[in-house]
Amino acid sequence: MTTEEQIINLIEKSQRILLLPSSPPDGDSLGSALAFYLLFKKLGKDSTVICADPIPDTFKFLPTIDSISRNFGGAEDFIVTLDCTSAEVDTIKYEVEQNKVNIIITPKKGKFGDKDVSFHYGEAKYDLIITVDTGDLQQLGKVYEQNPEMFYSIPVINIDHHASNGEFGRINMVDITASSTTEILIPLFEKLEAKTGLKLIDADIATLLLAGIITDTGSFQHSNTTPRAFGVAAHLLDLGARQQEIIKYIYRTKRLSTLKLWGKVLSKIKYDEPHHLVWSTITAEDLAETDSTHDESGGIIDELLSNAPGAQVVLLMKEKEKDLVSVSVRTPNKGANANDIAQMFGGGGHPKAAGFRVKGMGFYEAENFIISKIKEYQEGRADVSGMAHMQPAEIKVPEEPKKIQTAADLRSDPLANVQFQKPEVVPAAREGGEDLLLKDFRKRKEEEAAREDRIEDMTKKFFKPKSEMTVEDILKSAPGDFFTVDDDQNK
Ligand SMILES: [Mn+2]
């Protein structure tokens with residue numbers, strides 16, 4: 001049985017399906033989860049989408065976005081049963097007393113005893129879990145942290161396109177050559193259509209699927225834009241996908257606070273030329289000064305990329321909370337590998353785009369630490385040129401850096417209190433992944449001539465030229481005058 005057939009079988013057998021997009025959510029994870037949600041509605045199945053993190057404003061236009069729950073109740077009910085053979089119930093009351101609930105049962109006559117009480121669990125709330133666009137279970141955030149046992153007792157279908165996917169599901173459908181998770185869903189949905197004889201992909205579902213492709217390819221500008229992605233996008237347009245709506249909300253709507261934040265980050269770009277390293281930072285102070293939130297930083301890393309044409313490694317470090325730094329990595333050129341870099345710190349992603357977190361270190365200490373590790377990585381690669389005149393990168397440490405330990409502690413043992421965020425399931429090396437890529441690469445080479453014509457045509461249709469603006473222009477311009485790509489650590 002193919003993976004697709006196994007998934008369809010399991011879906012057919014299931015009635016209460018839990019859909020989990022990765023956290024923080026992006027257009028691809030939300031598009032995938034909501035497309036499934038609408039599809040299951042048509043198939044007469046109950047499904048629930050849960051995302052513990054807030055939904056960024058840019059995605060509020062997605063069809064049925066309001067159906068997403070933030071909170072996860074318990075996975076199953078706890079039932080207290082009272083045997084009424086020896087006595088009859090007159091009234092039942094309950095009272096809450098600090099950390100206790102007292103259930104008060106008054107008998108009509110006779111007396112209840114210990115033996116009359118029994119406990120058991122109700123039917124599990126869900127009989128199937130589908131994770132979408134999620135490389136490892138930790139990426140599900142609180143839903144996983146608070147209910148880890150659920151992921152062993154209920155079958156999990158894992159559908160994803162991250163190279164670092166840990167294959168944690170009972171069924172894993174991981175295609176690392178897909179531009180987005182929604183791209184993987186289309187043939188699956190069509191198989192379901194063929195099998196049920198129902199028309200399932202309507203304009204809303206097509207819009208959700210296209211939103212995933214558009215966000216993950218940066219509106220067909222990133223290098224993960226394959227001919228297949230274009231083909232699938234065109235097919236979705238035929239099915240009624242509202243492409244203009246997606247572009248409008250995701251790329252053209254920028255708040256003033258967002259523009260200020262972007263200006264701030266772009267003005268702080270740091271370079272380490274010998275190591276071909278470019279990075280910038282977003283501290284809690286930056287957010288406060290520009291009156292913005294982390295939601296508004298999506299896409300800045302791609303702006304950094306376009307501002308640093310020669311860079312081999314591009315980083316954006318965000319102070320997520322005290323002593324927690326979240327880092328996006330991009331490696332636009334051949335050689336440096338974003339996934340390898342992220343894995344040095346316990347993270348992961350794709351060869352060209354990945355992310356990781358460093359916990360337990362003040363922001364500036366973390367910045368120094370990360371930069372020095374990546375410099376080592378760059379020095380260890382054979383094809384880095386210009387290493388002769390190496391200079392230390394200058395990182396300004398403010399007078400009162402936020403930290404939980406002294407600089408001396410750090411110097412004596414830089415790793416003493418650092419906690420890397422390690423996925424519960426360590427991503428296994430994917431057998432055949434390289435072969436797949438090579439095969440895909442060769443196939444693409446063969447198709448190149450035909451493809452370039454097609455891409456040019458399609459590009460004209462889909463993407464508007466990126467405006468070449470300076471930071472000052474951006475700050476002055478009205479929202480809507482430019483657009484760029486949204487993305488967080490893991491696409
Ligand atoms: Mn994705």
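Thr64 is found in the loop between strand E2 (46-49) and strand E3 (78-82), where helices (H or I, at least four residues) and strands (E, at least two) are DSSP runs numbered from the N terminus. The phi of Thr64 is near 60°, a positive value in a residue other than glycine. With 16 C-beta neighbours inside 10 Å, Thr64 counts as partly exposed; a residue is buried if 20 or more other C-beta atoms lie within 10 Å of its own, exposed if 12 or fewer, and partly exposed in between, with C-beta atoms placed from the backbone. The model is a predicted one, in which local features need pLDDT of at least 70 and side-chain atom pairs count only at pLDDT 80 or more, whereas totals for chains, interfaces and linings use all residues. Residues are numbered from 1 along each chain as its sequence is written.

A positive phi is also found at His276, which is not a glycine and for which the value is about 55°. His276 lies in the loop between strand E10 (270-272) and strand E11 (277-282), and His276 is buried, with 22 other C-beta atoms within 10 Å. A further backbone feature is the cis peptide bond that joins Ser23 and Pro24, with omega of about -5°; Pro24 is found in the loop between strand E1 (16-21) and helix H2 (27-42). Most residues other than glycine have a negative phi, and most peptide bonds are trans.

Taken as a whole, the chain has 17 helices and 16 strands, and buried residues make up 40% of its 491 residues. Of the contacts with a separation of 6 or more, 71% are accounted for by residues 24 or more positions apart, two residues being in contact if their C-beta atoms, placed from the backbone, lie within 7 Å.

The helix that follows the Pro24 loop, H2, packs with helix H5 (residues 181-196) at an angle of about 20°, the axes being 8 Å apart. Here axes are lines fitted to C-alpha atoms, for helices over the stretch in contact, and angles run from 0 to 180 degrees between N-to-C directions. H2 and H5 are therefore roughly parallel to each other, given that angles under 35 degrees count as roughly parallel, over 145 as roughly antiparallel, 65 to 115 as roughly perpendicular and the rest as oblique. Their crossing is left-handed, a term that applies if the near helix is turned anticlockwise from the far one by less than a right angle, a clockwise turn being right-handed. In this contact, Asp28, Ser29, Gly31, Ser32, Ala35 and Leu39 of H2 meet Thr181, Thr182, Leu185 and Phe189 of H5. By class, the contact of H2 with H5 has four nonpolar, five polar and one charged residues, where Ala, Val, Leu, Ile, Met, Phe, Trp, Tyr, Cys and Pro count as nonpolar, Asp, Glu, Lys and Arg as charged, and the others, Gly among them, as polar.

Helix H6 (residues 203-216) and helix H7 (residues 227-238) pack at an angle of about 155°, with their axes 9 Å apart, which makes H6 roughly antiparallel to H7. The crossing of these two helices is left-handed, and the contact is formed by Ala206, Leu209, Leu210 and Ile213 of H6 together with Ala229, Val232, Ala233 and Leu236 of H7. The residues of the contact of H6 with H7 divide into eight nonpolar, no polar and no charged.

Leu209 and Leu210 also appear, with Leu19, Ile129 and Ile130, as the residues that touch the most other members among the 61 residues of the largest nonpolar core, such a core being a set of buried Ala, Val, Leu, Ile, Met, Phe, Trp, Tyr and Cys residues joined through C-beta atoms within 7 Å. Not counting residues up to four places away in sequence, Ile129 touches Leu18, Leu20, Phe151, Ile154 and Val156. Apart from this core lies another, of 38 residues, among them Leu261, Val329, Ala366 and Ile370.

The axes of helix H9 (residues 256-267) and helix H11 (residues 300-307) come within 11 Å and cross at roughly 40°, and H9 and H11 are therefore oblique to each other. Their crossing is right-handed, with Trp262, Val265 and Leu266 of H9 in contact with Ile300, Glu303 and Asn307 of H11. By class, this contact of H9 with H11 has four nonpolar, one polar and one charged residues.
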